[in-house]
Amino acid sequence: MKRHRPALIAVGSVLIGLLALWLQDVIVPYTTPFWGLFDNQLDLDVYLSGARTVLDGESLYDAKLLGQMDYTYAPISILLFTPFTWISFEAARIVWSAGIVVALYLVIMLSFKSLGRTATWPLRVIALSLVAVALLLEPVRTTVWYGQINVFLMLLIVADLTRGEGARLRGVGTGIAAGIKLTPLIFVLYLAVLRQWRSMAGVMIGFFGTMIVGFAVLPRESWVYWTGTMFDSDRVGAPQTVGNQSIRGWLANLLHSDDPNILLWGFLAAGALALGMYAATLAHRHGQELLAVTVVGMTACAISPMSWGHHWVWFVPLAVIGLHLLATPGRGVVVYALTAAGLISMLLIAFSWRTYLAHPIWFVNRTVPDAYLIGLFFKHGIDWLEWFTVYPYNAIFLGTVIATIVVLRSGDDSATTVATAPSETPQSVQGPLAGE
């Protein structure tokens, strides 16, 4: 039986992956016009429209793309999107969507590697299955559906910061991600708290490197962005918008105001930042670097002025950590039960819950005959539960940081992951996911 265990695990994983792909079609059929998983890519269209605007010599941050959309990323991003303007949009969104799937697989494999798992063939099959499962999560599904960039940025950060502290050029990849989209700058604070000055310098080198390249290639756009546009968070969207999963969005939707009290928001954001950084620091000191990086990524989503659901792709490495805990033998029943409950709760909260509207609506820049709205935050049937439904990802963030603090403060490393020194390579883990 032990000899055949890797094959059985692989077969079970394939079946789970196929079930996830079928369930995806149940939620919204793949062939549904506009609402099908691969039948929109609105944000990718905005990216490419921005690139064409620059190529035509127009002002990137003054233009209304696709008639009404603003460009929100740093100028260096235009260099990434320009090659996609050389092909048709149909071809571009196929390549982009395929790239997201590949990036998800790499994030999952890098996460397993950080946890000490050997890249055996059963583990690769498991990772492919987890890609299909991850697509059922609202942040991941909408990343594909909108053609978003967040999975690629997460891949850069995970590949960069889960390496040992002394790794060459550590931090540069995170700095490049921050140069494209500002939120990864939170990792500067994380590295400063840890006094990892070399890695922090790497982040700053990568970040300022993107600025220098941007000024060299697109001086006008760079000046406009870095001296003004970057401070205008309302360009991303109004705070009181369903799907704004930041603390500011939570307050705006609860208070029904686009201008929630700035002192209250600042107080809650500061508390979330302190809590997240403390949890991440504890995780790092106990050798749980993937958990630390994931918590910091989630903290950035919580405290940002605007965080759409698809910004919370950090649930993917969090799910890998949960699966790793369940698959590592030698723990008590209570630990397994609590881990399973936490993992299942996270998957259910972040699931692609569908809200179907059988009437025409205006969606961003067009009228559609009906709507398949995705996300728990579209569920408003229970008034007394609205504090939760308008911002469900807050529960995942709080649950993760509190569990991390409680477990690691108790000194029970056996309930987390493989404890390794930050500068060392994680040891190989024996267990059901090791394929042995």
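**Exercise 1.** Determine how helices H13 and H14 are oriented to each other, and which residues join them.

*Solution.* H13 and H14 are roughly antiparallel to each other, a label for angles over 145 degrees. To reach this result, take the axes of H13 (residues 262–285) and H14 (residues 289–303), which come within 8 Å and cross at roughly 175 degrees; axes here are lines fitted to C-alpha atoms over the stretch in contact, with angles from 0 to 180 degrees between N-to-C directions. Next, list the contact (heavy atoms within 4.5 Å): H13 contributes residues including Trp265, Leu273 and Met277, and H14 contributes residues including Leu291, Val295 and Ile303. Finally, sort the residues of this contact, which divide into 13 nonpolar, three polar and one charged.

The model is predicted, with local features requiring pLDDT of at least 70 and side-chain atom pairs pLDDT 80 or more, whereas totals for chains, interfaces and linings use all residues. Residues are numbered from 1 along each chain as its sequence is written, and side-chain values use heavy atoms, leaving out hydrogens and water.

**Exercise 2.** Establish how far helix H5 is enclosed, and by which helices its buried residues are packed.

*Solution.* Begin with the extent of H5 (residues 121–134), whose 14 residues reach 20 Å from first C-alpha to last, close to the 20 Å expected at 1.5 Å a residue, where the expected span is 1.5 Å times one less than the number of residues. Then count burial (under 20% relative accessible area, 1.4 Å probe, protein chains only): ten of the 14 residues are buried, so H5 is largely enclosed by the rest of the structure. Among them are Leu123, Ile126 and Leu130. Lastly, the buried residues of H5 pack against H1 (5–27), H4 (89–114), H6 (138–146) and H15 (315–327).

Conventions:
Helices (H or I, at least four residues) and strands (E, at least two) are DSSP runs, numbered from the N terminus. Angles under 35 degrees count as roughly parallel, over 145 as roughly antiparallel, 65 to 115 as roughly perpendicular and the rest as oblique. Ala, Val, Leu, Ile, Met, Phe, Trp, Tyr, Cys and Pro count as nonpolar, Asp, Glu, Lys and Arg as charged, and the others, Gly among them, as polar. Buried means under 20% relative accessible area, exposed over 50%, partly exposed in between (1.4 Å probe, protein chains only).
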